[in-house]
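Hello,

Here is the structure I promised to pass on to you. Please open it first, and then read my notes below.

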Amino acid sequence: MSDTNFDPEAALAAKGILLPPAAKPLGNYLTWSSYGTWIATSGQLPWVDGKLGFHGKIGSDLTPEQGYQAARVAALNALAQVRDALGSLSRVSQIIRVEGTFQVAPGFLGFPEALNGASDVIDLAFGERGRHCRMVYTNTEMPMNTPVMIVIHAGMA
Amino acid sequence: MSDTNFDPEAALAAKGILLPPAAKPLGNYLTWSSYGTWIATSGQLPWVDGKLGFHGKIGSDLTPEQGYQAARVAALNALAQVRDALGSLSRVSQIIRVEGTFQVAPGFLGFPEALNGASDVIDLAFGERGRHCRMVYTNTEMPMNTPVMIVIHAGMA
Amino acid sequence: MSDTNFDPEAALAAKGILLPPAAKPLGNYLTWSSYGTWIATSGQLPWVDGKLGFHGKIGSDLTPEQGYQAARVAALNALAQVRDALGSLSRVSQIIRVEGTFQVAPGFLGFPEALNGASDVIDLAFGERGRHCRMVYTNTEMPMNTPVMIVIHAGMA
């Protein structure tokens, strides 16, 4: 693309936010795949410096604010997979869809707000090109006791 | 398209079924997005006149028949998003995939039948072009205590 | 395709693995749909000779190894749907994405390993063309008390 001003990673860095390295899969699968110009990540966990940064249920083990942060960190890990796929986030034409799956305490219904942790950081990085639809799930058991997993579907220029 | 007989909204109206207005999002996201000729909605709740029309778990708070109706209403809300995306449901070439997520009482397994509430109304509106694959989930906590959320993936002509 | 050596069904048969017939839907929907060259299956259960081969929760009713086998059988049922869509698995250009949903005992976190039952058999059949991203869910209630449902997204040549 000729739009040299579009640099999502620089937009994040300007806010002091660094993308982590792309995490390894937890089994016999790829952390992203592409089909034509469409890219999907596998479910990404909130890795921080190679360790899971958050554990347990939002609403009991974790506060709503920690849930928001966990979703943000998981989204950054998903963006790291997209960068791995494309070489640079500047090649993303569109963030299409975000899927957020949460582990929450019984009766805790504030997880759409937690998912804003993902949506807001995508906004920050991509602006208009980051405007996405999304779906939110709650699961009672999650891999490694993570409070959140994020999937990103993106289009490439 | 030149097929002037294809009018899903009129087919619904002939049965006394009106599409609601497209609901607002519950957070920082779009209620639908498109990529090429493919459209996906965010998870849609069973809104009736701007209020959630159904609450709680199917099989305890709600009867199976109410679950079926809730899925139908949520699907109509999803179709309202597709209409918002395209201007008219006549431009839909295909309903591709339906995702239904339900909140159910422990041991209640009748939710595939409840999801027929969505599939049947899509049939009514779109006929052959409405033939879709689908996936069904159960979640223990759902936004605003809704019994169901519906996602529709559609193709446009 | 001119690659006459690419025969996923023969690769499975060489290991003594036969694809089941494509199962019927459990409601008013299609067991697969396509859009352009993209195919998605509905959620597939672990059918064996027309009956559900596994029931209940992995980690209590079923061992982890049985969970792995259930995911493998459900994946074979999903591949049977893809074969039904295309006439032959040789026409698959790529397995794009696998979605696995599991019913597990409270505290049982070994379901990503169970999902390898699906990924490994896809590997066996498709090799490089079978390399996929995936997402894993846990649901407390599942249709017919199945321990697993598998969705496959594939591209056709």
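Which residue in β2(B) is the bridge partner of Tyr35(B)? In β2(B) that partner is Trp38(B). Before I go on, some ground rules. This is a predicted model, in which local features need pLDDT of at least 70 and side-chain atom pairs count only at pLDDT 80 or more, while totals for chains, interfaces and linings use all residues. Residues are numbered from 1 along each chain as its sequence is written, chains are lettered from A and ligands numbered from 1 in the order in which they are written, and side-chain values use heavy atoms, with hydrogens and water left out.

The hairpin in chains B and A

Strands here are DSSP runs of E with at least two residues, numbered from the N terminus. Two strands pair if DSSP finds at least two bridges between them. In chain B, β1 covers residues 32–35 and β2 covers residues 38–41. The two strands run antiparallel and are joined by four bridges. They form a hairpin with two residues between them, and Gly36(B) in the turn has a positive phi of about 60°.

The side chains of β1(B) alternate. Ser33(B) and Tyr35(B) point to one face and are buried (under 20% relative accessible area with a 1.4 Å probe, protein chains only; over 50% is exposed, and in between is partly exposed). Trp32(B) and Ser34(B) point to the other face and are not buried.

Chain A has a hairpin too, built from β1(A) and β2(A) with two residues between the strands. Gly36(A) there takes a positive phi near 60°. Four bridges join these antiparallel strands, and Tyr35(A) has Trp38(A) as its bridge partner in β2(A). Ser33(A) and Tyr35(A) make up the covered face of β1(A), and Trp32(A) and Ser34(A) the uncovered one.

Where chain B meets chain A

Contact (heavy atoms within 4.5 Å) links 26 residues of chain B with 30 residues of chain A. The size of an interface is often given as the accessible area lost when the parts come together. Chain B and chain A bury about 2100 Å² between them (accessible area lost on being put together, 1.4 Å probe, summed over both), and 54% of it is on carbon and sulfur atoms. On the chain B side, Asn28(B), Tyr35(B) and Glu141(B) lose the most area to chain A, together 34% of what that side buries.

The rule finds one salt bridge across this interface (a side-chain nitrogen of Lys or Arg within 4 Å of a carboxyl oxygen of Asp or Glu). Arg97(A) and Glu99(B) meet in a salt bridge at 2.8 Å, N to O. There are also 15 residue pairs in polar contact, both at pLDDT 80 or more. A polar contact is a pair of N or O atoms within 3.5 Å; within protein, one must be able to donate a hydrogen and the other to accept it, and residues adjacent in sequence count only if both atoms are side-chain atoms.

On the side of chain B that touches chain A, β1, β2, β5 (92–102) and β7 (148–156) of chain B are the elements that give two or more residues. β1(B) gives the most, with four residues.

Where chain A meets chain C

Here 26 residues of chain A are in contact with 30 residues of chain C. The buried area is about 2100 Å², of which carbon and sulfur atoms give 54%. Asn28(A), Tyr35(A) and Glu141(A) lose the most area to chain C, together 35% of what the chain A side buries. The rule finds one salt bridge across this interface, and the side chains of Glu99(A) and Arg97(C) meet in a salt bridge (2.8 Å, N to O). The count of residue pairs in polar contact is 15.

Two residues to look at

Gln94(B) is found in strand β5 of chain B and is buried, with a relative accessible area of 19%. A polar atom of its side chain lies 2.7 Å from the backbone oxygen of Ser34(C). Beyond its neighbours within four places in sequence, Gln94(B) is in contact with residues including Arg129(B), His153(B) and Tyr35(C).

Pro147(A) lies in the loop between β6 (133–138) and β7 of chain A, and counts as buried at 0% relative accessibility. Not counting residues up to four places away in sequence, Pro147(A) touches several residues, among them Phe54(A), Leu62(A), Phe102(A) and Met142(A).

Happy browsing, and best wishes

Notes. Buried area is the accessible area (1.4 Å probe) that two parts lose on being put together, summed over both.
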